[in-house]
Structure formats: C-alpha cells, structure tokens
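Work through the exercises below on charged side-chain pairs. Try each task before you read its solution.

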Amino acid sequence: MGEIKKGKYIYYHCADKTKNCINKKIYLKEETINKVFDNAIKQIQITPEHRQAIIEALKDCHSEQQTYNTEEINRLNKRAEALRNRLSKIYLDKLDGNITEEFWQDKNNEWTLEHAGIMQKLDAYERANVNYMKQASELLELLENLYTQYIQFSDAEKTKVLKIIFSNFLIEGENIRYDYKKPFDIFAKGLSCTINWAR
C-alpha cells in the first residue's frame, strides 16, 4: 500500500489489514522499490542458445497444436455439412407435407443453433492459430529486449510485465524478495533474490 510522506515521497508498506503482520511498520520508498524491479528485470538475459531453444520448442508445440486443430476442424466441418443437409432435407419434407410445421420448427431451431455453435468454434480455431504465432513472436521479442522496453513502459505496462514474470514480491523485514515464474527463471541469473533496500 502506498502513502505520500512529506508531501512528495511515496512510501509502501504491508497492506495486510490484520494486526499480526510483522512488516506493518516497515516503509519503503517508491523509488527504492522501482530500483529492485529494474534490477530484477535486468537479470533476465537471453543467449543465442536460449533463443534457438525457444524457437524449436515453439515449432514443436505449434506443430502438435496444428495437428490437433486440423483434426478438430475436419470433425466440425463434417458435422456442419451434415447439419446443412439435414436442414435442407427437413425443409423439403415440410413442403411435401411429410412432417408437421411444429416438428419442422423444433428441428430447424435445434440444428440451426448447433450449426451456429460449430461455426463459432471453427472461427475460434482459426483465430487461435493466428494468436498463437503472434503471442509467441511477442514473447520472443519481449525476452530479447526486455530491459530496454521495460524502462520505457508506463507504470501500468510495467505492472503488467511484473505480474507476468514474477510469482510474488514480498517485504520480509527490511528485505524485498522476489521469485521468477517459469520459464523466466531459466533466463535469469538466479532463481530468486533477496535484497536489503530498506532506508
């Protein structure tokens, strides 16, 4: 929780509302915490070997996902075609007087609704393929230029990045502790770090 002290400095302290928090009276300057964040981001470095490993892993994962998606798309397309044939046939049966108007209406609504749901799923699979490659490319770009980009981000953007990369930031007495989420721990110089930044 942040509080303004002396009219210009922002200090942070534990936001635990219970009376049991031992860090309740520990205050850290905003600029001090920002230095810890900056240092933690700077630790993440991607080597050419890391980059190639990521690319290969993404290719394998994408290939497996593509195989699954293709099978599902084929299954859904077959079902969609079967429903279109049913809708066409049942309409002709209605015109020929072979079925009642009520029966046709019930089945027409049921199959039309199912067909619409299938088309939504097919569209989602198509978008998923595009989004996967886009997100993978963005992740790789982020890792390669992480610190350079991070220091140029707005506070909101920095917060978003920190939530993606770290599992937690904890104040332990006069120390700030953080842990890297996977796979960022692989690219960091240490799996976790504890730094005394209190002033």
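**Salt bridges, step by step**

The side chains of E101 and K94 meet in a salt bridge, with 3.9 Å from N to O. The term means a side-chain nitrogen of Lys or Arg within 4 Å of a carboxyl oxygen of Asp or Glu. The model is predicted: local features need pLDDT of at least 70, side-chain atom pairs count only at pLDDT 80 or more, and totals for chains, interfaces and linings use all residues. Residues are numbered from 1 along each chain as its sequence is written, and side-chain values use heavy atoms, leaving out hydrogens and water.

**Exercise 1.** State how many salt bridges the rule gives.

*Solution.* The count comes to 5. E101 and K94 form one of them.

**Exercise 2.** Place the salt bridge of E72 with R75 and classify both residues.

*Solution.* Step 1: the closest N and O atoms are 3.1 Å apart. Step 2: both residues lie in helix α2 (residues 48–95), 3 residues apart, about one turn of the helix. Helices are DSSP runs of H or I, at least four residues, numbered from the N terminus. Step 3: E72 is buried at 17% relative accessibility. R75 is partly exposed at 45%. Buried means under 20% relative accessible area, exposed over 50%, partly exposed in between (1.4 Å probe, protein chains only).

**Exercise 3.** Find what the salt bridge of R79 with E114 ties together.

*Solution.* Step 1: the closest N and O atoms of R79 and E114 are 2.8 Å apart. Step 2: R79 lies in helix α2 and E114 in helix α3 (residues 101–144), so the pair ties together parts 35 residues apart in sequence. Step 3: R79 is partly exposed at 28% relative accessibility. E114 is partly exposed at 29%.

How values were computed: Helices (H or I, at least four residues) and strands (E, at least two) are DSSP runs, numbered from the N terminus.
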